[in-house]
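Subject: Structure for your study

Dear colleague,

Please find below the sequence and structure that I should like to hand over to you. My findings follow directly after them.

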Amino acid sequence: MKIAVIGQSLFGQEVYCHLRKEGHEVVGVFTVPDKDGKADPLGLEAEKDGVPVFKFPRWRVKGQALPDVVAKYQALGAELNVLPFCSQFIPMEVISAPRHGSIIYHPSLLPRHRGASAINWTLIHGDKKGGFTIFWADDGLDTGDLLLQKECEILPDDTVSTLYNRFLFPEGIKGMVQAVRLIAEGKAPRLPQPEEGATYEGIQKKETAKINWEQPAEAIHNWIRGNDKVPGAWTEACGQKLTFFNSTLNTAGLVPEGEDLPILGAHRPGVVTKVGLILFGNDDRMLLVKNIQLEDGKMIPASHFFKGADINALELTEEELVMAEAVRSAWKRILPSVLEVEDSTDFFKSGAASVDVVRLVEEVKELCDGLELENEDVYMATTFGDFIQLLVRKLRGDDKDSECIIDYVEKAMNKLTLRMPHQLFIGGMFVDAEGAKTYETINPTDGSVICQVSLAQVSDVDKAVAAAKDAFENGLWGKISARDRGRLLYRAPPSLSTMPDQTAT
């Protein structure tokens, strides 16, 4: 079947590639104009294959289709238009031209959440189910007949990025290919959209993403995660706009102890703790925010809000300087409009987008012996100099904030001093059991007491389970490969370490 692909982004690129693998003839690709000297991934891929690529800045003016644009499209003789991700308005002269019409991907279960910010509103409304729809384009706004829908569960701490990366992107690509296959086989349904349950919400922009504090904690959490990473839910505090990211309602075992952060309009001040910023809804329930973006664009861990900047820059070794230059070259490849990458070069102010963050993380992994970064790391170190400092600290394992404080019991034996942890290990920290309960651990060789060890209570077990669940669902451990997990385990120090007794001779 002769197909015209109209769209952009990595999603459009993947759909294009899969359609060609299925044996379809892509007669033309229509994508957006280059931005800051960078071509869209869909256009780049099609150009490699010798497929005609068109980059019209617009398809119509004052509501009327541009005749020369329509003529160039019609000359291709497409039998079907496939719109995997399209931010431009395509006139009906193009939508209705092919023999099979046009199909569009939409990231919600239509008719719910019609409009451009469908993923945001799925989360903001606290939907338990999400998914995508492939429908036949018409002259309405996401109102065409349904062809195919697939749904997924919305996890409690899903964000736009996690939902997109986990389901909407990979399954959406498969769905588009399946839809085209059904059309080619003459089996594609056309199911009229019901109006019952239909919703339409406007585009989420920064100015509309301000947090309303007169809501329960769950609604505030949904608002923050529904705007994470774009456009970002914000509030006013300490004389500036603060944007919150990485919100969770999983606050089991957290105690709101720390420095108060007064927030304009909030039911109670926030509390900056060692694990993040605790916020309160008007129902007095808590939520936790782990990252804050300051008004100047810098992203910091929420736990660092009242800390001054670290002025002690690391001095790089020769090997680290070589690594830094390799990473500098990666920045140059990703930022073609930047003539020279200086320490002060800002990744995002130089034109980088979210897709470039993914690319940078992957390139760093290749250049730095499999070093695992998260996208948030790039947002927290946006200038090249700060980014290199972040990489070096991670490579050295020199992260003072994540250093585990251990209250060892020391015991001299065989001219060695044994250092033994004796507390519970919960949520990355050694802590006493509730009520400071302990029990004696016995040396089996002679029955003597080695030391007092924390005796976990039911509440301690609950905290440990909650921490493990959070680490599995939201942490890095569950996302990295088994090989990388093994590598990290081999690098971990033993829990029971020894050191020579300084008094021994």
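I begin with helix α7, in which A217, I220, H221, N222, W223, I224, R225 and G226 are buried. Please keep in mind throughout that this is a predicted model. Helix α7 spans residues 217–226 and is mostly covered, since eight of its ten residues are buried. What do these buried residues pack against? Their partners are two helices and several strands: α5 (118–124), α6 (160–184), β10 (233–237), β11 (240–248), β14 (276–280) and β15 (286–293).

The loop that follows, between α7 and β10, deserves a careful look. As background, most peptide bonds are trans. In the model, however, the peptide bond from D228 to K229 is cis, with omega near 5°. K229 is located in the loop between α7 and β10. A cis peptide bond also joins V230 and P231, where omega is about 0°. P231 likewise has its place in the loop between α7 and β10.

Helix α6, one of the partners of α7, has a feature of its own. At L168 the helix bends by about 35°, and a proline, P170, follows within four residues. After α6 comes G186, whose phi is positive, near 70°.

Next, I turn to a pair of helices. How are α1 and α2 oriented towards each other? Helix α1 (residues 9–21) packs with helix α2 (residues 41–48) at an angle of about 30°, and their axes are 7 Å apart. Angles under 35 degrees count as roughly parallel. The two helices, α1 and α2, are therefore roughly parallel to each other. On the α1 side, the contact involves S9, L10, G12, Q13, Y16 and C17, and these meet P41, L42, E45 and A46 on the α2 side. By character, the residues of this contact divide into six nonpolar, three polar and one charged.

The salt bridges form the next topic. A search of the whole structure finds 22 of them, and I describe some here.

- R181 and E22 meet through their side chains in a salt bridge, at 3.0 Å from N to O. R181 lies in helix α6 and E22 in the loop between α1 and β2 (25–30), so this pair ties together parts that are 159 residues apart in sequence. R181 counts as partly exposed, at 35% relative accessibility. E22 is also partly exposed, with a relative accessible area of 38%.

- K38 forms a salt bridge with D356, and the closest N and O atoms are 2.7 Å apart. This pair links distant parts of the chain, for K38 is in the loop between β2 and α2 while D356 is in helix α9 (residues 354–367), 318 residues apart. D356 has a relative accessible area of 6% and is buried.

- R328 and E325 meet in a salt bridge between their side chains, at 3.2 Å from N to O. Both belong to helix α8 (residues 318–334); being three residues apart there, they are separated by about one helical turn. Is each partner buried or exposed? R328 is buried, with a relative accessible area of 15%, whereas E325 is partly exposed, with a value of 42%.

- D34, E47 and K55 are linked in a network of salt bridges.

Finally, I would draw your attention to two residues with backbone angles that merit a check. As a general point, most residues other than glycine have a negative phi. H113 is not a glycine, yet its phi is positive, at about 60°. This residue, H113, is placed in the loop between β7 (102–106) and α5. With 2% relative accessibility, H113 counts as buried.

D369 is not a glycine either, and its phi is positive, at about 55°. D369 is found in the loop between α9 and α10 (375–380). Which side of the burial scale does D369 fall on, buried or exposed? At 65% relative accessibility, D369 counts as exposed.

As you go through the structure, you may wish to follow the order of this message, starting with helix α7 and its buried residues and ending with D369 in its loop.

Yours sincerely,
A colleague

Key: Residues are numbered from 1 along each chain as its sequence is written. This is a predicted model: local features need pLDDT of at least 70, side-chain atom pairs count only at pLDDT 80 or more; totals for chains, interfaces and linings use all residues. Side-chain values use heavy atoms; hydrogens and water are left out. Axes are lines fitted to C-alpha atoms, for helices over the stretch in contact, and angles run from 0 to 180 degrees between N-to-C directions. Angles under 35 degrees count as roughly parallel, over 145 as roughly antiparallel, 65 to 115 as roughly perpendicular and the rest as oblique. Contact means heavy atoms within 4.5 Å. Ala, Val, Leu, Ile, Met, Phe, Trp, Tyr, Cys and Pro count as nonpolar, Asp, Glu, Lys and Arg as charged, and the others, Gly among them, as polar. Buried means under 20% relative accessible area, exposed over 50%, partly exposed in between (1.4 Å probe, protein chains only). A salt bridge is a side-chain nitrogen of Lys or Arg within 4 Å of a carboxyl oxygen of Asp or Glu. The bend at a residue is the angle between axes fitted to the seven residues ending there and the seven starting there.
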